[in-house]
Amino acid sequence: MTAFGKLIRTTAFRLTLVYLFLFALFAASLLAYFAWNTRRLITEQITATVNVEIGEITSIYNRRGLHGLLTTMGNRALRPGANLYLLTAPNGQALAGNVGSLAPGVMSVQGWSETAYRRFDDLDKTDHRALVRVTEMDNGFRLLVGRDLEERRRLFGIVAKAAQWSILVVVVLGIGGGIFVARRVLRRIDAMTGTTKRIMAGDLSGRLPVGRSGDELDRLAENLNVMLERIEALMTGLKEVSDNIAHDLKTPLTRLRNRAEEALARSGGEADYRAALERTIEESDGLIRTFNALLMIARAESGQARGNMDDFDGADVANGIHELYEPLAEDDGMTLQVKTAPAPIHGNRELISQAVANLVENAIKYGKPEPGVEPMKADAREILIEARREGDQVLLSVTDHGPGIPEGDRKHAVERFVRLEASRTLPGSGLGLSLASAVATLHGGELRLGDAHPGLVATLVLPARAGSSDRLAAQTQDVPQKAA
């Protein structure tokens with residue numbers, strides 16, 4: 001397809017032609033209305049003038065008779081630019097006036113008519129047009145008074161020529177403007193098309209060009225770029241998950257197989273086989289937990305969990321997690337505390353509960369004081385779960401007083417299967433913080449990792465439920481903070 005062919009097939013060019021047609025039609029209608037009104041106005045002026053003339057001539061005839069009438073018509077016919085006058089006898093003979101010839105039958109019909117005529121003093125032999133009125137007087141005499149229509153014709157010609165030029169200018173400018181707009185739009189569309197082809201070829205880093213005009217194409221490009229960034233992030237995450245699964249799950253699967261092979265190779269008794277099966281089941285449970293965590297992260301990142309959103313209080317989640325994990329913390333030598341205030345949330349309760357549970361498990365697992373370091377605080381083995389509202393946000397935080405996470409590693413710590421050096425000797429999959437971060441993102445929030453001096457503060461920052469400020473204020477007066 002040629003460049004011109006592409007140009008005339010663009011939507012912008014076709015819309016320009018439609019608007020051009022409508023505008024030309026409007027301009028032509030406006031000029032036609034103006035011409036019609038001008039013609040009507042001139043005709044009204046002619047009829048008014050002729051009626052006055054006939055009235056004056058009739059009055060002179062009534063006062064002065066036929067002689068006075070002939071004298072008056074002779075004088076008026078000699079005036080420059082005079083009207084048309086003709087007086088005929090009952091037998092049709094012309095008695096006075098300046099009309100040399102008329103169309104046949106004009107004098108035989110009384111009233112108004114438009115006719116061709118010639119004057120006595122015309123040097124050319126062409127016919128002219130006039131609007132005339134024929135009146136019958138006493139004794140059968142007929143009087144014709146009229147006015148030439150050349151002025152009306154000339155004015156109408158001026159309007160018609162102006163209309164022609166106007167429509168021509170409109171068409172030229174319209175087509176020129178359509179070509180300019182279409183080429184400009186076509187360049188931007190071609191640029192977007194080139195970028196989309198690179199993206200379809202596998203280059204997800206491509207972005208649509210965004211201009212500075214802020215028009216609808218710029219807004220579309222900006223939204224598409226945001227979508228492309230999200231797709232690139234999801235594809236990158238999918239690749240990382242695939243790589244991590246292939247790398248990090250290979251070891252437990254190999255260990256599982258080796259143990260099963262070792263149990264078959266050894267000639268042990270029933271107790272040995274039972275122990276091997278128990279270790280196999282334990283390894284399998286760990287793999288199942290890892291895959292469940294990956295599936296939950298995938299659900300959160302893909303937005304599939306948005307269908308199970310509901311209204312609930314984040315304080316209830318914190319209290320439930322505290323009740324569930326308090327015995328586990330005590331068995332590990334830790335103390336689990338909770339501090340809550342009304343925290344209205346609209347979200348997936350299951351995912352948010354799992355995210356807080358992961359933060360508590362991490363605190364129990366990694367929040368102990370470092371070996372050989374004397375705790376500086378009496379509550380060094382305490383883990384605090386908090387739920388509160390701050391403005392239009394709800395904060396669900398878990399604070400421990402362990403070694404914490406260095407600031408430079410916090411961004412890296414929320415990635416899948418990432419385990420920092422201090423945690424590699426402890427069991428785990430490296431998916432706890434990843435799940436918490438994905439859940440926060442699903443709800444339009446974020447996971448913040450801060451310093452507890454010493455220790456780590458992991459906080460889920462979520463939007464508060466809309467329209468809950470008044471109810472929250474009323475509840476805050478009656479519900480005290482809970483600490484256990």
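This is a short walk through one protein chain, taking in a sheet, a helix pair and three single residues.

Okay, before anything else: what we're looking at is a predicted model. So please keep that in mind throughout.

Let's start with the whole chain. The protein chain has 484 residues, and 37% of them count as buried. For secondary structure, we get eleven helices and 14 strands. And if you take the contacts in the chain with a separation of 6 or more, 62% of them are between residues 24 or more positions apart.

Now, the sheet. Which order do its strands come in? Reading across, it goes S2-S1-S6-S5-S4-S3, so six strands in an open sheet, with antiparallel pairing. Who's at the edges? That's S2, residues 94-97, and S3, residues 99-102. Each of those two has a single partner strand, so one side of each is left without a neighbour in the sheet. On average, neighbouring strands here are turned by 35° against each other, ignoring direction. As a reminder for anyone who's been away from this for a while, strands of a sheet pair through backbone hydrogen bonds, either parallel or antiparallel.

Let's go through some of the pairs. Strand S1, residues 84-88, runs antiparallel to strand S6, residues 142-148, and five bridges join them. If you want a spot to click on, find Tyr85, which stands opposite Val145 in S6.

On we go to S5 and S6. These are also antiparallel, with seven bridges between them. Val132 is the residue to look for there, standing opposite Gly146 in S6. S5 and S6 form a hairpin with five residues between the strands. And how does Asn139 sit in that hairpin, with a positive or a negative phi? Positive, near 65°.

Then S4 and S5. S4 covers residues 111-119 and S5 covers residues 128-136, and seven bridges join this antiparallel pair. Here you can find Ala116 opposite Arg129 in S5.

Right, helices. The pair I'd like to show you is H8, residues 349-366, and H10, residues 432-442. They pack at an angle of about 145°, and their axes are 9 Å apart. The crossing of H8 past H10 is left-handed. So what's in the contact? From H8 you have Leu351, Ile352, Gln354, Ala355, Asn358, Leu359 and Asn362. Those meet Gly432, Leu433, Leu435, Ala436, Val439 and Leu442 from H10. Sort that contact by class and you find nine nonpolar residues, four polar ones and no charged ones.

Sticking with H10 for a second: how many of its eleven residues are buried? Ten, so this helix is mostly covered. Among the buried ones are Ser434, Ser437, Ala438 and Ala440, along with Gly432 and Leu442. After H10 comes Gly444, and that glycine has a positive phi, near 80°.

Last part: three single residues.

Number one is Thr72, which you'll find in helix H2, residues 11-77. Why do we call Thr72 buried? Because its relative accessibility is 9%, and buried means under 20%. A polar atom of the Thr72 side chain lies 2.8 Å from the backbone oxygen of Gly68. Leaving out residues up to four places away in sequence, Thr72 touches Ile60 and Arg64. And if you draw a line from Thr72 to Gly97, C-alpha to C-alpha, you get 9.8 Å, with their positions 25 residues apart in sequence.

Next up, His401. Look in the loop between strand S11, 393-399, and helix H9, 410-413. Loop or not, His401 counts as buried, at 13% relative accessibility. Its side chain reaches the backbone oxygen of Pro454, at 3.4 Å.

And finally Asp310, in strand S7, residues 310-313. Asp310 has 49% relative accessibility, so it counts as partly exposed, since exposed means over 50%. What does Asp310 touch, not counting residues up to four places away in sequence? Ile345, His346 and Gly347. The C-alpha atoms of Asp310 and Arg465 are separated by 9.9 Å, and those two are 155 residues apart along the chain.

That's the tour, thanks everyone.

Conventions: Residues numbered from 1 in each chain as written. Predicted model: local features only at pLDDT ≥ 70, side-chain atom pairs only at ≥ 80, totals over all residues. Heavy atoms only, no water. Helix = DSSP H or I, 4+ residues; strand = E, 2+ residues; numbered from the N terminus. Axes fitted to C-alpha atoms, helices over the stretch in contact; angles between N-to-C directions. Left-handed = near helix turned anticlockwise from the far one by under 90°. Contact = heavy atoms within 4.5 Å. Nonpolar A, V, L, I, M, F, W, Y, C, P; charged D, E, K, R; others polar. Buried < 20%, exposed > 50% of the residue type's maximum accessible area, 1.4 Å probe, protein only. Polar contact = N/O pair within 3.5 Å; in protein donor to acceptor, adjacent residues only side chain to side chain.
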